[in-house]
Amino acid sequence: MLRKSVERKALAQFLDKELQVARFRDYCPNGLQVEGRNQIKRLVSGVTACQALLDEAVKLEADAIVVHHGYFWRGEDARVVGQKFKRLKTLMDHGISLFAYHLPLDSHASLGNNAQLAKLFDFEVSGRFGEDELGWLGTWRAGQLPRLAELVRHISDKLQREVLCIGDLDKTIESIAWCSGAAQNMLGSAVEAGASVYLSGEISEPTVHLSRESGVSYLAAGHHATERYGVQALGQFVAQELGIEHVFVDIDNPV
Ligand SMILES: [Zn+2]
């Protein structure tokens, strides 16, 4: 298939529309964050716009990068110094555009991180919960009453990494709640939603107690590991719809 190129502005409009960026109030700007060259033929996707991803994109002669974790987070030091300077200089020296989609990519009904997790884990989606409906609800092997131990093994196999589990492994699972990344603070909403178990990426100290006291088990499956799939699906979708090249680059992260 002959690969095409697309104008940066057209790609920005396409992505912003698909991800409905105007619907979200986020901790960072969504969309084009750093402007590069005008024509885009090769798009690299990755979880975080860290230096290692940028260096890989330069090697791959990418024209643009799309990530879940971009720059310019609310409350961060605004100065362009240190690592931030180096990252921006790398992009600008090579004319590479940076697109970032945070909450819009968690939330998207088919390409989003949580939709992609449902697909990966064979979860049947039954609803959404919490603020901005960022949490997802569903079932796994409904009617078979799987035990928590089986679910933990299943998730670990699919993500190819150890999952940290708070809860009784013999407990049977009826409904599952999940939200990718650093959404451990949504455990309270998952309890209200009536889930048997809640899965997110990270865990913090109070989460253990809330899980034990509420009886809703908690699975910390990795922030990076649970957010590898959305941006990859987005990149593939763009390649398919606009005919440009796409390469997903995984910079592993143990957290
Ligand atoms: Zn994240």
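These legends walk through several close-up views of one predicted model.

**View 1. Three side chains hold a zinc ion.**
Start with the metal. His69, His223 and Glu227 coordinate the zinc ion, with distances of 2.1 to 2.2 Å. The two histidines each use their NE2 atom, while the glutamate uses OE. Read along the chain, these donors fit the spacing H-x153-H-x3-E. How buried is His223? Its relative accessible area is 15%, and buried means under 20%, so His223 counts as buried. Glu227 is buried too, with a relative accessibility of 2%.

**View 2. Five strands line up in an open sheet.**
Now zoom in on the sheet, where the strand order is β2-β6-β5-β4-β13. This open sheet has mixed pairing. Which strands sit at the edges? They are β2 and β13 (245-248), each of which pairs on one side only. From one strand to the next, the twist averages 30°.

**View 3. Strand β6 has neighbours on either side and cover on both faces.**
Take strand β6, which spans residues 97-100. Its pairing with β2 (residues 31-34) is antiparallel and has 3 bridges. Look for Val34, which stands opposite Leu98 of β6. With β5 (residues 64-69), β6 pairs in the parallel sense, this time over 4 bridges. Here Val67 is the residue opposite Ala100 in β6. What about the two faces of β6: buried or exposed? Ser97 and Phe99 are on one side, Leu98 and Ala100 are on the other, and all of them are buried.

**View 4. A helix links two parallel strands.**
Follow the chain from β5 through helix α3 (residues 82-93) to β6, and you have traced a β-α-β unit. What is its handedness? The unit is right-handed. You've already met the two strands at its ends: β5 and β6 pair in the parallel sense.

**View 5. Strands β4 and β5 run together, with helix α2 packed on the sheet.**
Strand β4 covers residues 42-48, and its pairing with β5 is parallel, over 5 bridges. To find one of the matched pairs, look for Ser45 and its bridge partner in β5, Val66. Helix α2 (residues 51-59) packs on the sheet and touches both β4 and β5. Compare directions and you'll find that α2 makes about 165° with β4.

**View 6. Ser107 is tucked away beside an arginine.**
Ser107 belongs to helix α4, which covers residues 103-107. With a relative accessible area of 5%, Ser107 is buried. Which side chain makes a polar contact with the side chain of Ser107? That's Arg128, at 2.9 Å. Setting aside neighbours within four places in sequence, Ser107 is also in contact with Phe24, Leu134 and Trp136.

**View 7. Strand β8 pairs with β7 and with β10.**
Strand β8 (residues 135-139) has 4 of its 5 residues buried, so the rest of the structure largely encloses β8. With β7 (residues 124-129), β8 runs antiparallel, joined by 5 bridges. Phe129 stands opposite Gly135 of β8 in this pairing. Between the two strands of the β7 and β8 hairpin are 5 residues, and Gly130 takes a positive phi near 80°. Strand β10 (residues 176-178) also runs antiparallel to β8, with 3 bridges joining them. Spot the two tryptophans here: Trp136 is opposite Trp178 in β10.

**View 8. Helix α5 is largely enclosed.**
Why is helix α5 (residues 113-121) called largely enclosed by the rest of the structure? Because 7 of its 9 residues are buried. Those residues are Asn113, Asn114, Ala115, Gln116, Leu117, Ala118 and Phe121. Just after α5 comes Asp122, with a positive phi near 60°.

**View 9. Ser196 is a buried loop residue.**
Finally, look at the loop between α7 (187-192) and β11 (197-200), where you'll find Ser196. Is this serine buried or exposed? Ser196 is buried, with a relative accessible area of 12%. Leaving out neighbours within four places in sequence, its contacts include Lys171, Ile173, Glu174 and Ser175. Gly215, Val216 and Ser217 are in contact with Ser196 as well.

Conventions:
Residues are numbered from 1 along each chain as its sequence is written. This is a predicted model: local features need pLDDT of at least 70, side-chain atom pairs count only at pLDDT 80 or more; totals for chains, interfaces and linings use all residues. Side-chain values use heavy atoms; hydrogens and water are left out. Buried means under 20% relative accessible area, exposed over 50%, partly exposed in between (1.4 Å probe, protein chains only). A polar contact is a pair of N or O atoms within 3.5 Å; within protein, one must be able to donate a hydrogen and the other to accept it, and residues adjacent in sequence count only if both atoms are side-chain atoms. Contact means heavy atoms within 4.5 Å. Donors are N, O and S atoms within 2.8 Å of the metal (3.2 Å for Na, K and Ca); water is not among the atoms, so sites may look incomplete. Two strands pair if DSSP finds at least two bridges between them. A crossover is right-handed if, with the strands pointing away from the viewer, the path from the first strand over the helix to the second runs clockwise. Axes are lines fitted to C-alpha atoms, for helices over the stretch in contact, and angles run from 0 to 180 degrees between N-to-C directions.
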